[in-house]
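Colleague: Before planning work at the bench, I should like to go through this protein with you. May I put my questions one at a time?

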Amino acid sequence: MSDDLEKSTMRKVSARLIPFVIICYFVAYLDRVNLSFAALEMNKDLKFTATVYGTGASAFFISYFLLETPSNLILLKMGARRWIARIMFTWGILSGAMAFVNSEWAFYIIRFLFGAAEAGFFPGILFYLTLFFPAAYRARMVSMYMVAIPVSAVIGAPLSTSILYLDGFMGFKGWQLVFILEAIPALILSVVTWFYMTETPADAKWLEPAEREWL
């Protein structure tokens, strides 16, 4: 009976959480790397040198590195659901704002703020998974979560390239549309996260009482 309870609980938790966090990380990774696809046309239009581009691209990782730990300390106090929803909303706004960059310093500032906004997302999700998966399951679940990285490369590259061909749509350049259109999923997911994520196993109404108690 105990084995059956464990299997049913883990099956429900996996089905509810793993596809969702994979989608979230896919969108996060896509927004993080779409600069490389937009760069060719963006650099030409804005007359950015390789040095300017490299500095702006690096600014993301500087703020991400500096604020990753503070972000996760806040997550512990506010709860994963609210904080991860906040992360996704602010990174979506800033990712879309990249479309309106018109100078070197605007590029540097927005990329720095983008990194600050996304800081803590990846380890925050890892922490969240530890709340729902006992130690024996964690390595397997984390490896499934990490599948989003190669998936984002396989899907993201042709998607971003295709958007570039929409050059002129609604008066925007192709590189601007890459940032705008790929920011929308993050904004939508921030709302979905607020309502879909369950803070702790004790709050998981989608589990039977015995399953919640076991977890």
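Colleague: In which element does Leu17 lie, and is Leu17 buried or exposed?
Modeller: Leu17 is placed in helix H1; please bear in mind that this is a predicted model. Residues under 20% relative accessible area count as buried. Leu17 has a relative accessibility of 2%, so it is buried.

Colleague: Which residues does Leu17 contact, leaving aside its neighbours within four places in sequence?
Modeller: Val191 is 174 residues away from Leu17 along the chain, and their C-alpha atoms are separated by 16 Å. The contacts of Leu17, with neighbours within four places set aside, are Tyr128, Phe132 and Phe133.

Colleague: How many helices does the protein have?
Modeller: From the N terminus, the order of elements is α-α-α-α-α-α-α-α-α. Zero strands are present, and the number of helices is nine.

Colleague: What share of the residues is buried?
Modeller: The C-alpha trace spans about 65 × 35 × 25 Å along its principal axes. The protein exposes about 10700 Å², of which carbon and sulfur atoms supply 70%. Of the 215 residues, the buried share is 43%.

Colleague: Among contacts between residues at least 6 apart in sequence, what percentage joins residues at least 24 apart?
Modeller: A contact here requires heavy atoms within 4.5 Å. Among contacts between residues at least 6 apart, the share that joins residues at least 24 apart is 80%.

Colleague: Which helix supplies the largest share of the largest nonpolar core?
Modeller: This core has 41 residues, and those touching the most other members are Ile84, Trp91, Phe121, Phe133 and Tyr145. At least two residues each come from H1, H2, H3, H4, H5, H6 and H8. The largest share, 12 residues, is supplied by helix H1.

Colleague: How many residues are in the second, separate core?
Modeller: Among the members of this second core are Ala38, Val101, Tyr108 and Phe179. Its residue count is 17.

Colleague: Which residues does Tyr145 touch, not counting those up to four places away in sequence?
Modeller: Tyr145 is one of the residues that touch the most other members of the largest nonpolar core. With residues up to four places away left out, Tyr145 touches Val21, Ile22, Tyr25, Phe121, Phe122, Ile125, Leu126 and Leu129.

Colleague: How are helices H2 and H3 oriented to each other?
Modeller: The axes of H2 (residues 50-78) and H3 (residues 80-97) come within 7 Å and cross at roughly 135 degrees. An angle over 145 degrees would count as roughly antiparallel, and 65 to 115 as roughly perpendicular. The crossing angle therefore makes H2 and H3 oblique.

Colleague: What is the make-up of the contact of H2 with H3, in nonpolar, polar and charged residues?
Modeller: From H2 come Ser71, Ile74, Leu75 and Met78, and they meet Ala80, Arg82, Trp83, Ile84, Arg86 and Ile87 in H3. These residues divide into seven nonpolar, one polar and two charged.

Colleague: Is Glu118 buried or exposed?
Modeller: Glu118 is in helix H4. Apart from residues up to four places away in sequence, Glu118 touches Ala28, Arg32, Phe60, Tyr64, Ile87 and Trp91. Its relative accessibility is 0%, so Glu118 counts as buried.

Colleague: Where is Pro201, and is Pro201 buried or exposed?
Modeller: Pro201 is located in the loop between helix H8 and helix H9. Leu131, Phe132, Arg212 and Leu215 are touched by Pro201, not counting residues up to four places away in sequence. The C-alpha atom of Pro201 is separated by 8.4 Å from that of Glu213, 12 residues apart along the chain. At 13% relative accessibility, Pro201 is therefore buried.

Colleague: What is the phi of Lys47?
Modeller: Lys47 is in the loop between H1 and H2 and is exposed, with a relative accessible area of 69%. Most residues other than glycine have a negative phi. Lys47 is not a glycine, yet its phi is positive, at about 60 degrees.

Colleague: What is the phi of Met170?
Modeller: Met170 is in the loop between helix H7 and H8. Its relative accessible area is 66%, so Met170 is exposed. Met170 is a residue other than glycine with a positive phi, near 55 degrees.

Terms used
Residues numbered from 1 in each chain as written. Predicted model: local features only at pLDDT ≥ 70, side-chain atom pairs only at ≥ 80, totals over all residues. Heavy atoms only, no water. Axes fitted to C-alpha atoms, helices over the stretch in contact; angles between N-to-C directions. Helix = DSSP H or I, 4+ residues; strand = E, 2+ residues; numbered from the N terminus. Parallel < 35°, antiparallel > 145°, perpendicular 65-115°, else oblique. Nonpolar A, V, L, I, M, F, W, Y, C, P; charged D, E, K, R; others polar. Buried < 20%, exposed > 50% of the residue type's maximum accessible area, 1.4 Å probe, protein only. Core = buried A, V, L, I, M, F, W, Y, C linked by side-chain atoms within 4.5 Å. Areas by Shrake-Rupley, 256 points an atom, 1.4 Å probe, with all protein chains shown as cover.
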